[in-house]
Amino acid sequence: MELSRVVLGILSGLLVAALVRALAARWWPRARWSVHLSAGLLVGVLAGAWVSQMEGGYLAYLVTFCIMAGIYGVFSLGLNVQWGYTGLFNIGIAGFFALGAYTSALITTRKPPPEVWFYFKQAIGLDQPFLVGLIGAALVCGLVALLLGLLTLRLREDYLAIATIGVAETIRILFNSEEWLANGSQGLIGIPRPLACLIQNPPCAWLPDWAKPLVAGWTARDLDAIYLVIVVLALAALYWAVEQGIRSPWGRVLRAIREDEMATSMAGKNVFGFKLQSLVLGAMIMGIGGGLYAHYMRSISPDVFVPLFGTFIIWAMVMVGGSGNNKGAILGGLIVWGIWIGTTFLTDLISPLLGAISPELPARAPYFRYLLLGALLVLVILLRPQGLLGEEKQVSKL
Amino acid sequence: MLELTVYGIVYGSVIALGAIGLTLIYGILRFGNFAHGDLMAVGAYVALFFVAVALPLLGIPETRFEPLSFGWRMVIAIPLAMAATALLAVVLDRAVYRPLRHRKSSPVMLSMAALGVAFLIRSLIYILWGPDPTRYVEGLLRIPIYLPFDIKVRPDQVVILVLTLLLVMMLYLFLQKTRLGKAMRATADNPDLARISGINTERIALLTWVIGGALAGAAGIFWAIDSQLTPEMGWGFLLPLFAAVILGGIGSPYGALAGGLIIGIVQQVSTAFINPAYKPAVAFALLILILLVRPQGIFGGRS
Amino acid sequence: MALLEAQGIVSGYGEMEILHGVSVKVEPGQIVTIIGPNGAGKSTLLKAIFGLLSVKSGRVTFNGTDITGWSPDRIVRLGMCFVPQTENVFPSLTVQENFEMGAFIRTDDYRARIEEVFALFPDLRAKRHVKVGALSGGQRQMVAMGRALMLDPKLLLLDEPSAGLAPKMVELIFERVREINRAGVAVIMVEQNAREALKFSDWGYVLAGGENRFEDSGPALLRNEEIGRLYLGG
């Protein structure tokens, strides 16, 4: 059986089950929890079964969609730590995105041999495994965030915002201009997929003999499905970690800072220290997101990390989902990415109409989607700043 | 080196015009307008519309005031585009910022809304004019003229400098000598006391957007006359604009003027030593320096 | 008819009620001082009278007009002006410009009035074109009062005019207040420097815990031993 069917079937089933259970709990609060759970499971199984029998092409598209939604979910989590819980205004996310992606890429690829230096330059190539790449990405982003925070966090809050733009721009220019570092504007290629050996012939050396026939027929699509599982696992792990942090005394201080910084500092808390920790942790999460992106796309270049995709869309996700709510951040990621992809079909539909107004317009259809995204953020701020899920009522572990 | 300084002064005066509007908005409306760079882009593109589409339709001939790159069309387009940008700024205030203001939203929410507005404007520019860079006049050889001390300048740049000086002087006279101008400065100082004194702070807010928008529009046009128009130009202005505002002291228009010139000169002179692609990073470095040494800026401003 | 009459004022900040029904009265040309311990609600009373805080119950009458619930810029047009305790000037404007802002709503030629105000504060004449932010605390206080006088008010509300000033300055400020009063302006002021203020006050109110406690003429309050012990530091 195709791996993607299994993976997507199970994942979509779980997701739908969770959603239905939550909705059932909200609409019929007086029924027993077992009723909610059964409702969720029932619909979940049906949804999972339906998804798993979808046509191969649609399935592959869905896998791609979910991987990107998951990666953006990671970024939304990171931003939620900085903004949702501590109120830090980071508009240079694209910088951490790029830094995380490039760091992981440089750690996990090999330095090119001297013969090809004319075409392809790379300063570092440590040839380490995938996880080391992600960890490295997190550490480097954390370090940059540390420096940034030390410089700006004692000052007005909008100074941080401007400094983050500066960091993002500097990182972009750095990777674009310094060709010796990471091949400049041409970017890096050949970033490895984890577990890529599974679809090779012969498969991974560490695979036990009884497993080898199972993976015999696996293709690149199946590798994508495996990557989806990896992304979901990473997202779940990070979600769990952030939730633990938020419910801890540390998390309560963060929220107190966002509500009333003056009162919190007068209560004796080192506000600066907490803000710094929040900035660094959020940046580390973003670094992991960048790494996940790099290993999915397998090639990156500086012009990928533009403000729209690297910063703005993530802000839309967090605001739509609900800042100060981890579930909201991830949900926002799913919804806004869905809107972004969904509007592709919309613009395809109106293309003939655009062509009637002016022959140049159909080619500019993607920019209508930018417009929608910008309008979405402004409308959310004006009409429902708390987002879909609003702030979660925190129940501390105490 | 001297030549780079002169280029720096020209570029710096463009940044200064934008920064003056930005700092006024900071001082009176109390938030960082992250859409200000894109307001500059609006000015440039609306002028393009007048020069390339509207005015030819009205029969205004294409002339050039030798040795400049432009003629009557641009002369008419500049005030019209400035007015259009001012109008857009007011519309945005009514639609977005004023409701948030009345709701007593925090400055960060206003800045975030401005961020959304910035992307809105940019996507509109993409839709209406497409992604390719354009110029007001295609294929023109910009022949420099020679001033004493072997300084090379383009004739356009001289006009830009003169016009900037004119606009700054007009603003100075307005702020220093007129009743409304003093009321603006008073509102920036102490909005509550201004209200008690009977100053209509909502009207002052309107005036701030008109002036800020008009100056931003002018800055965008001047930049585009000397360089080119791209839809992403607005984002590229943000770092130098904010660096100039912070350098001069938030809320101080004269600080913004000085800050803009300094940023411009340092950015241009830096190209003698490092890769010109790093110019935005130079503005950023200056910003960091000021934050370390004197965060309230040269002219103090408000902390 | 009293110039200003506040009856049973209940007011506060948001949910917090500070005044639980306070009444004060000012006759034309009087100097009235309000004293009491910290947190008694003295400043709150002035702000409630001037419309900076909402009055939950009670009435404020000025010259026979019921001004309860009026906004400050309406009250100012009737002839009552307020000098806050802090942030009471425009620091980046000059002394002259501060006065011009004080006269902002006047439609007539107020240049004569500016000269009259400078006559009240002659020390400021030399600093006419100096930015107020560069002046000393006492001079700034004078600018704050001068700004409020530009509209020819019949009543001046002063919130702790001597706060944070050196004793010599305090003396000077109080002398200026007497001068302003001699020119025909009634004054109601809140003061921590209770002894000094009561010396030249026609009437005094003692507020504590958001309620009226005592009232009497200024000199009488000073002679009252119990008041002296409780509120004037023995």
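Reader: Which helices of chain A each supply at least two residues of the lining of the second largest pocket?

Author: Keep in mind that this is a predicted model. The pocket in question, second largest by rank, has a volume of about 1,600 Å³. The elements that each put at least two residues into its lining are α1 (3–27), α2 (33–52), α3 (56–85), α8 (220–247) and α13 (326–357) of chain A.

Reader: Okay, and which element gives the most to the lining of the second largest pocket?

Author: The lining has 39 residues, and those closest to the pocket's centre are A:Leu15, A:Ala18, A:Leu19, A:Ile330 and A:Leu331. As for the top contributor, 13 residues of the lining come from one helix, α1(A).

Reader: How many charged residues does the lining of the second largest pocket have?

Author: Let's go class by class. Nonpolar residues number 28 in this lining, and polar ones five. That leaves the charged class, with six.

Reader: Let's move to chains A and B. What is the area buried between chain B and chain A?

Author: Start with who takes part: 43 residues from chain B and 40 residues from chain A are in the contact. Carbon and sulfur atoms give 79% of the buried area. The size of an interface is often given as the accessible area lost when the parts come together. Here that comes to about 3,900 Å².

Reader: How many residue pairs are in polar contact between chain B and chain A?

Author: Salt bridges first: the rule finds zero of them across this interface. Polar contacts do turn up, counting pairs with both residues at pLDDT 80 or more, and the number of residue pairs is seven.

Reader: Which element gives the largest share of the side of chain B that touches chain A?

Author: On that side, the elements giving two or more residues are α3 (72–102), α4 (107–129), α9 (233–248) and α11 (279–293) of chain B. By class, the side has 36 nonpolar, five polar and two charged residues. The largest share is 16 residues, and the element behind it is α4(B).

Reader: What about enclosed space: what volume does the largest cavity have?

Author: Rolling a probe the size of a water molecule over the atoms shows where empty space is left. The count is three cavities of 30 Å³ or more. For the largest cavity, the volume is about 60 Å³.

Reader: Which elements give two or more residues to the lining of the largest cavity?

Author: Residues from chains B and C line this cavity, including B:Ile196, B:Ser197, C:Phe82 and C:Arg147. The lining divides into six nonpolar, two polar and one charged. The elements asked for are β6 (80–83) and α5 (137–149) of chain C.

How values were computed: Residues numbered from 1 in each chain as written. Chains lettered and ligands numbered in written order. Predicted model: local features only at pLDDT ≥ 70, side-chain atom pairs only at ≥ 80, totals over all residues. Heavy atoms only, no water. Contact = heavy atoms within 4.5 Å. Buried area = accessible area lost by both parts, 1.4 Å probe. Salt bridge = Lys/Arg side-chain N within 4 Å of Asp/Glu carboxyl O. Polar contact = N/O pair within 3.5 Å; in protein donor to acceptor, adjacent residues only side chain to side chain. Helix = DSSP H or I, 4+ residues; strand = E, 2+ residues; numbered from the N terminus. Nonpolar A, V, L, I, M, F, W, Y, C, P; charged D, E, K, R; others polar. 1 Å grid on protein atoms, 1.4 Å probe; cavity = no way out; pocket = protein on both sides within 12 Å on 5 of 7 lines; lining within 4 Å. Points joined across faces, edges and corners; volume = space filled by probe spheres on them.
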